[in-house]
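Biologist: Please take a close look at one part of this model for me, and follow it wherever it leads.

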Amino acid sequence: MQTEKFKVTDPVGSIVAKRPALARVFEQAGIDYCCGGKVPLGQACQKQGLDPQALLATLEGVVATAGTEPVVKAAALTLTALADHIEATHHGYLKTELPRLDALTQKVAAVHGAHDPRLAQVRDTYAGLAAEMASHMLKEERILFPMIRQLDASESAPAFHCGSIANPIRQMELEHDQAGGALAKMRELTGGFTPPDWACNTYRAMLDALAHLEHDLHQHVHKENNILFPRAIERQG
Ligand SMILES: [Fe+2]
Ligand SMILES: [Fe+2]
């Protein structure tokens, strides 16, 4: 496979847009590639106290040795296909996972909250995030994504009630930032989703599910913030 050259001036989100599998490198490095996707790689490394050249070498190494696992090339899809993909994959995942995590966080806080008061904070933060995500997805599915599909299907830009499509997009991006904040808070409260020695299986399952939620939500927001939304704004002209 050909080695890909990235530069320190490349925005982090654009790197993940080209190579979604590289998200894991950024996650391990603690670099936010979704809400913070517009930040150049060099600056993102500086913030984390990392050597940009070393991170570039890691990224290129991963690309050079990448396996053949199927990866959705979000940047190559039409706007309609991308909106469909996000709904089916990421919204679908949240609709099954949020109720499961609701039960897990509730149970762990009730059983172990006295032992570790941070578990009540995890529960409260999760409950806030889950409620926000449920209404956020509804807004995307009922308002924004239909507008994007309409844009994709028409030759000339259609007129929308809200004026520019940039207006609802701005609101969605604001909500993404809030969700990102809740995820970061839960990561902090749980020491990076690491179970203590005494953790029971439910506790471990909760942390595993939260870590996966973070990964999926980062991918999800990345596809919206860095690919779907800018392309929809560009299409409207
Ligand atoms: Fe979404
Ligand atoms: Fe969203």
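**From a loop to the metal site**

Modeller: Happily! Let's begin with Phe-193, which is found in the loop that joins α7 and α8 (helices here are DSSP runs of H or I, at least four residues, numbered from the N terminus). The model is a predicted one, where local features need pLDDT of at least 70 and side-chain atom pairs 80 or more, while totals for chains, interfaces and linings use all residues. Residues are numbered from 1 along each chain, chains lettered from A and ligands numbered from 1 in written order, and side-chain values use heavy atoms, without hydrogens or water.

Although Phe-193 is not a glycine, its phi is positive, at about 60°. Phe-193 also counts as buried, because its relative accessibility is 9% (buried is under 20%, exposed over 50%, with a 1.4 Å probe and protein chains only).

On the N-terminal side of that loop is α7, and this helix leads us to the metal site. His-176 gives its NE2 to the iron ion (ligand 2), alongside His-136 through NE2 and Glu-140 and Glu-224 through OE. These protein donors lie 2.0 to 2.2 Å from the iron ion (a donor is an N, O or S atom within 2.8 Å, or 3.2 Å for Na, K and Ca). Along the chain, the four are spaced as H-x3-E-x35-H-x47-E. Glu-140 belongs to helix α6 and His-176 to helix α7 (residues 166–189), so the pair ties together parts that are 36 residues apart in sequence. The opening H-x3-E step invites a helical reading: an α-helix has 3.6 residues a turn, so residues three or four places apart point the same way.

Glu-140 deserves a longer stop. Glu-140 bridges the iron ion (ligand 2) and the iron ion (ligand 1), and the two ions are 3.2 Å apart. With a relative accessible area of 0%, Glu-140 is buried. His-176 is buried as well, because its relative accessibility is 3%.

Now for the helix that carries Glu-140. α6 runs over residues 118–153, and its 36 residues should span 52 Å at 1.5 Å a residue (times one less than the residue count); the end C-alpha atoms are 49 Å apart, which agrees. Even so, α6 has a kink of about 40°, and the kink is centred on Glu-140 (the angle between axes fitted to the seven residues ending there and the seven starting there). For your inspection, then, Glu-140 is the centre of the kink and also the bridge between the iron ions.

Key:
Helices (H or I, at least four residues) and strands (E, at least two) are DSSP runs, numbered from the N terminus.
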